[in-house]
There are 2 protein chains.
Amino acid sequence: MSPVAHGAAARHQPHPVGGPFEVIATDDTTGARRGRLRTAHGVVNTPMFMPVATQGTVKGIVPTQLTELGAEIILSNAYHLALRPGTGLIRELGGLHRFMGWNGPILTDSGGYQVFSLAALRKVTDSGVEFRSHIDGAPMFLTPEDVVRLQVDLGVDIIMVLDECVGANAARADAERAARRTLEWARRSQQVTTTPGQLMFGIVQGSTYQDLRLCQAGELVALDFPGYAVGGLSVGEDRAMTMTLAAETVAALPAERPRYLMGVGFPEDLIRFVGMGYDLFDCVLPTRNARNGMLFTSAGRLNIRLARHQRDEQPADAECQCYTCRTFTRAYLRHLATTHEMLGAQLATLHNLHFYLQLMRDMQAAIAQGTFAAWSAARLKRLTEGEPA
Amino acid sequence: MSPVAHGAAARHQPHPVGGPFEVIATDDTTGARRGRLRTAHGVVNTPMFMPVATQGTVKGIVPTQLTELGAEIILSNAYHLALRPGTGLIRELGGLHRFMGWNGPILTDSGGYQVFSLAALRKVTDSGVEFRSHIDGAPMFLTPEDVVRLQVDLGVDIIMVLDECVGANAARADAERAARRTLEWARRSQQVTTTPGQLMFGIVQGSTYQDLRLCQAGELVALDFPGYAVGGLSVGEDRAMTMTLAAETVAALPAERPRYLMGVGFPEDLIRFVGMGYDLFDCVLPTRNARNGMLFTSAGRLNIRLARHQRDEQPADAECQCYTCRTFTRAYLRHLATTHEMLGAQLATLHNLHFYLQLMRDMQAAIAQGTFAAWSAARLKRLTEGEPA
């Protein structure tokens, strides 16, 4: 699909029939659906997980490995890349795809969450965000329009609007102000000219206030974005609250648009959120935890550093077909982890990403076959029964 | 070749015609030669460089990448593996090849140099070495026989005898005692039963005393090892001294056996040592320096962290065909190095190992074609002219 034709659909004639997203199967008994999202750099089959490449690299993984893993879209971060090496520099060098050697779809987070979690001395006003770089303390100011332009410079496939994320314990008034501001910023973001082919997603905020989230979702949908994200969950609220908010918010988003739940979660979470009707996910868990010696397996989580794995000849997950599991024992992975060898992080990352991406493929197949409810019940049981032998 | 047939040649009927090493071409005007070393896990074309896998992993590189790079043999370390995870454990798990997923030849250093450089409170006697682990301070005592047995446990293709390495400034008496001890240890090592197929190399020491090295070499050759190493060079002596000692020592080693110069060096060094008649090399430079942002190129060394590479769209080395150079710009490699991303170390390591291994292949071809002298003069000129543009 040519970027030009696609861009016309995305920006000037939003969402005609045959627009960027298509639902190709829905589950009878849950909210799960199987879809296809067309982007300027290829089709994303949903539900799909996006490996995180915050600084323009999925830590420890080369792009050819991403392809071998079956990654169909990755997530990078406009905030981090704006600080280093600069989005202008990346634009000069031909855009983020070329810079990082990945020719598939890229979504960039806007940096709203990073300003919230990383930056010092931040001050959010209706105009935008003022903060100091978490790297060198340099003062920065970004409007929502700036943040869209950063992503235009990067040439990514999916642009996220700037949002204000407040913590789980925010007072009602603060949550309302942040939600209103996020909505207004979404409106302003739509006025910025993007490159034909780029899609822009709006973000629902609203902290832990259900009615606020629903109201916010309704207003955002009226702005007619080609996709919607739900942000500000899993930021400290309890788990039951996360589930309730996620389920109620997704119901307020149009079925014919992709729905992206930001920054979650564990494998069992993804199964539940897919059952609610979410299509896209990103999370640092498979990559970050890999670097700490935690491997996801079909029978639960494995701490590879434990002494019990010292002589263990089994692969990390006997059911897994990844390079790590086809080649190495737990004993070797433990040796690499305890000696702090880089290869330990690499092999664990490869495995965990394979695990997440295979889980998404399994979900896609189950939805297509109309067996998602039974499949998910069985998978959840195994995943949560405890550590593997 | 079956390990059994091979082992018979290596241990019980040492070096018949058609033994493990064969010189297939010699250069007319230099000492360079092109050879083939047969091991239980495959043939090594010489001259050859051995990537260093100290703890059972070439840092940042998976075994399939080693194969793609054309690595034909790697070096690991009996001392490190004895401390962690233990050579007994590796034996139980099927040996080092299986443990680390590398089915090609492996040579292990004995640990003599590591005791010298890493261990605390070491005490060397004629019986062996007493020291404390550099990891947890645990007291250890190893005889030369123990050190052979560690390597038997590992199941490696080439066993190095325990040697005593003294510094470049050692007094004559100390150097003599260490050399004599190393020789005696070599003799004792030969009495240990190894696994059929395993080759054992003796090591020439002698510090900076030329006559001592020659005397030591003569006595070692009388012990009739299937291969000889020259150790204790590049440990602090000046460069001219290294060159003189290396050249004079190699002349005392038999032409029909492989000659291994331990722990060197820069690309230009390797060319010079091959010209003297050395066949095998190992060095941490390509891997360690990669992790510090130093890349070897056909026009000299490149510090990828420098600001001058910030917008540089060139590959690290325009003449290089490695994955890194085919895929990424210097600007991206610099971004990875300055953000301390693991991928930066991985891509630089891939490149540097490719550079070293390609250099060895180029030397092999030049020797076979009888053009080594002219080829090496031209390569040395380019390599030492300074940093690339």
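## A turn at His340

A:H340 sits in the loop of chain A that links α14 (330–338) to α15 (342–368). Keep in mind as you look around that this is a predicted model. The phi angle of A:H340 is near 55°, which is a positive value in a residue other than glycine. Is A:H340 buried or exposed? With 65% relative accessibility, A:H340 counts as exposed, because the cut-off for that is over 50%.

Now hop over to chain B. B:H340 is found in the loop between α14 and α15 of that chain, and its phi is near 60°, again positive and again in a residue other than glycine. B:H340 has 64% relative accessibility, so it counts as exposed.

## The helix just before it

B:H340 comes just after α14(B), and that helix is worth a look. Helix α14 of chain B covers residues 330–338, and eight of its nine residues are buried, so the rest of the structure largely encloses it. The buried ones are B:R330, B:A331, B:Y332, B:L333, B:R334, B:H335, B:L336 and B:A337.

What covers them? Part of the cover comes from chain A, including α3 (78–83) and α5 (96–100). Chain B itself adds cover too, including β15 (294–297), β16 (300–303), α13 (323–327) and α15 (342–368).

## A threonine facing the other chain

Next, find B:T57, in the loop of chain B between β4 (48–50) and α2 (63–69). Its relative accessible area is 1%, so B:T57 is buried; the cut-off is under 20%.

Which residues does B:T57 touch, if you skip those up to four places away in sequence? From chain A there are A:Y332, A:L336, A:E341 and A:L343, and from chain B there are B:V52 and B:M100.

## What's in the middle

In soluble globular proteins, nonpolar side chains tend to be buried together. Here the largest nonpolar core has 222 residues, and those with the most contacts inside it are A:Y260, A:F281, B:Y260 and B:F281. Another core lies apart from it, with 10 residues, among them A:V115, A:V129, A:L150 and A:L162.

Let's zoom in on B:F281. Leaving out neighbours within four places in sequence, its contacts include B:M48, B:F49 and B:M50. B:Y260, B:L261 and B:V264 are in contact with B:F281 as well, and so are B:L270, B:F273, B:V274 and B:M360.

## Two cis peptide bonds

Chain A has a cis peptide bond from A:T46 to A:P47, with omega near 0°. A:P47 belongs to the loop between β3 (42–46) and β4 (48–50) of chain A.

A cis bond also joins A:V264 and A:G265, where omega is about 5°. You'll find A:G265 in the loop between β13 (259–261) and α11 (267–276) of chain A.

## Stepping back to chain A

Chain A has 16 helices and 16 strands. Its C-alpha trace spans about 60 × 50 × 45 Å along the principal axes. A compact globule of 389 residues would have a radius of gyration near 21 Å, and chain A agrees with that at 20 Å.

Of those 389 residues, 61% count as buried. Among contacts in chain A with a separation of 6 or more, 68% are between residues 24 or more positions apart. The accessible surface of chain A comes to about 13,900 Å², and 51% of that belongs to carbon and sulfur atoms. As for charge, chain A has 37 positive and 38 negative charges, and their mean positions are 3 Å apart.

Methods
Residues are numbered from 1 along each chain as its sequence is written. Chains are lettered from A and ligands numbered from 1 in the order in which they are written. This is a predicted model: local features need pLDDT of at least 70, side-chain atom pairs count only at pLDDT 80 or more; totals for chains, interfaces and linings use all residues. Side-chain values use heavy atoms; hydrogens and water are left out. Helices (H or I, at least four residues) and strands (E, at least two) are DSSP runs, numbered from the N terminus. The radius of gyration is taken over C-alpha atoms; the globule rule is 2.2 Å times the number of residues to the power 0.38. Buried means under 20% relative accessible area, exposed over 50%, partly exposed in between (1.4 Å probe, protein chains only). Contact means heavy atoms within 4.5 Å. Accessible areas come from the Shrake-Rupley method with a 1.4 Å probe; for residues, only the protein chains shown count as cover. Lys and Arg count as positive and Asp and Glu as negative; His and the chain ends are not counted. The place of a charge is taken as NZ of Lys, CZ of Arg, CG of Asp or CD of Glu. A nonpolar core is a set of buried Ala, Val, Leu, Ile, Met, Phe, Trp, Tyr and Cys residues joined through side-chain atoms within 4.5 Å.
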